[in-house]
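Student: I'm new to this structure and would like a close look at one part of it. Please start there and then show me what else is worth finding.

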Amino acid sequence: MRRELFNDDHEAFRETARAFVAKELTPHVAEWEEAGVVSRDAWLAAGAQGLLGFPIEEEYGGGGTDDFRFNAVFDEELVRAGISGFGSPLHVDIIAPYLTKLATAEQKKRWLPGFCTGELITAIAMTEPGAGSDLQGIRTTAVRDGDEWVINGQKTFISNGILADLVIVVCRTDPDAGHEGISLLVVERGAEGFERGRNLDKIGQKAQDTAELFFNDVRVPADNLLGEEGKGFVYLMQNLPQERLSIAVASAATAEKILDITKEYCHSRTAFGRPIGKFQNTRFELAEMATEVQIGRVFTDRCITEHVRGELSVQHAAMAKWWLSEMSKRVVDRCLQLHGGYGYMVEYPVAKAFLDTRVQTIYGGTTEIMKEIVGRSMGF
């Protein structure tokens, strides 16, 4: 079906993003995966191209375009090129709304120019060793001491954790107030007592730096409180739908890309004297996947449209996140099977996708948590 989501501006931006990815990212993928981290030069190049600040106000060096369709275009182009390590979706899709909606004028002046240029890389620290999808289980504390906050605790699985110059830390500022005792504090690179653990060794997304973070009596200025004290949980709930939509966008694009590659493979690969696509089982497998991918695309695009209008509900974002990520996982696995032994070779895109996309049903809220959200929205 023809997509009706984008206009000429979005398609022009797609060409810019595609050219940037081909020139600045694709040639370095193997190098970055070996190193376990993307070069900061890539971030600076993206900033110079205007690919990091399009949702940021123009006065801070951004594009002033708060239209998630631009986010979706860039995310799709990264997937199309097989780029799983460059953390711009986290930076632009997930962190930007916190800063544009919650930061004070002084905070914006301090942080947003570097955000746009790529000189200031961002992360958000929610997950802890004992608290994942259950954000009310956060144990990292922040205690007010005069004009400072003192932070103690540990975070894990933090994307951009090694490179990050600015980390939004989810803290408990009132231990007796439940979810109303959670606040957001910004910790900047170089803060005394702020330490990074090892770059975690994952099964996929090897170039995406993912770290443990430690906060030992870390003192940050009172002015580094993001938004209001005690409103952190509310802010997280308000911004999680866009994060989950971002994952759905990547999942849909992954399924489309790998299915296209597999169709071509089934045309060219022969067995018993004919292309494997001529066998009924293969045709049925491809037909089922093509149908699921098309249904996923239509729902994803509808969710993007609703989000741009400010109407995407929490439950619809949860539906998109769990169904698209599970669909993508299922499609990639079936496509790998159709590739036979070649599908098990890492140099084949289907094998890399098999490893890189597995986490999509986990981060941003697990499939099980997404179903819980949807179930509760039905009155149960």
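Which strand does Thr156 lie in, and is Thr156 buried or exposed?

Tutor: Happy to help, and one thing to keep in mind from the start is that this is a predicted model. Thr156 belongs to strand β3, which covers residues 148-159. Its relative accessibility is 6%, and buried means under 20%, so Thr156 counts as buried. If residues up to four places away in sequence are set aside, Thr156 still touches Thr127, Glu128 and Pro129, together with Leu200, Ala211 and Glu212.

From there, let's visit Gln205. You will find Gln205 in the loop that runs between β6 (194-199) and β7 (210-221). Gln205 is not a glycine, yet it has a positive phi of about 45 degrees. With a relative accessibility of 13%, which is under the 20% limit, Gln205 is therefore classed as buried. Phe272 makes a good companion to look at next: its phi is also positive, near 55 degrees, and Phe272 is a residue other than glycine. Phe272 lies in the loop between β9 (270-271) and β10 (274-275). Here the relative accessibility is 80%, and exposed means over 50%, so Phe272 counts as exposed.

Now for the empty space. Rolling a probe the size of a water molecule over the atoms shows where such space is left. Searching the whole structure gives 1 cavity of 30 Å³ or more. The largest cavity holds about 50 Å³ of space. Among the residues that line it are Val29, Trp32 and Glu33, the run of Gly82, Ile83, Ser84, Gly85 and Phe86, and also Ala207 and Lys352. Helix α2 (residues 29-35) gives the most to this lining, with 3 residues. Sorted by class, the lining has 6 nonpolar, 3 polar and 2 charged residues.

Turning to pockets, the second largest has a volume of about 400 Å³. It is lined by 19 residues, and Asp66, Pro97, Lys101, Gln242 and His307 are the closest to its centre. Two or more lining residues come from each of α4 (68-80), α5 (88-102), α7 (232-268) and α8 (280-308). The largest share, 5 residues, is from α5. By class, this pocket's lining has 8 nonpolar, 7 polar and 4 charged residues.

Phe86, which we met in the lining of the cavity, leads us on to the aromatic rings. There are 7 aromatic pairs in the count. One of them joins Trp43 and Phe86 in a tilted arrangement, with 4.8 Å from centre to centre and 55 degrees between the planes. Trp43 sits in helix α3 (residues 40-48), while Phe86 is in the loop between α4 and α5, so this pair ties together parts that are 43 residues apart in sequence. Both Trp43 and Phe86 are buried. Another tilted pair is formed by Tyr342 and Tyr348, with 5.5 Å between centres and 35 degrees between planes. Tyr342 has a relative accessible area of 37%, so it is partly exposed. Tyr348 is partly exposed as well, at 27% relative accessibility. You can also look for an aromatic cluster made of Phe13, Phe54 and Phe70.

Some rings have a charged residue over the face. Arg274 lies over the face of Phe279, 4.1 Å from the ring centre. In the case of Trp322, Lys371 takes that place, at 4.7 Å from the centre of the ring.

The last stop is Pro113, which has its place in helix α6 (residues 105-117). At 32% relative accessibility, Pro113 counts as partly exposed. Although Pro113 and Gly61 are 52 residues apart along the chain, their C-alpha atoms are separated by 5.6 Å. With neighbours within four places in sequence left aside, Pro113 is in contact with Tyr60 and Lys108.

To come back to your own question, Thr156 is a residue of strand β3, and Thr156 counts as buried.

How values were computed: Residues numbered from 1 in each chain as written. Predicted model: local features only at pLDDT ≥ 70, side-chain atom pairs only at ≥ 80, totals over all residues. Heavy atoms only, no water. 1 Å grid on protein atoms, 1.4 Å probe; cavity = no way out; pocket = protein on both sides within 12 Å on 5 of 7 lines; lining within 4 Å. Points joined across faces, edges and corners; volume = space filled by probe spheres on them. Helix = DSSP H or I, 4+ residues; strand = E, 2+ residues; numbered from the N terminus. Nonpolar A, V, L, I, M, F, W, Y, C, P; charged D, E, K, R; others polar. Phe/Tyr/Trp six-rings, centres within 6.5 Å; stacked < 30°, edge-to-face > 60°. Buried < 20%, exposed > 50% of the residue type's maximum accessible area, 1.4 Å probe, protein only. Lys NZ or Arg CZ within 6 Å of the ring centre and 35° of its normal. Contact = heavy atoms within 4.5 Å.
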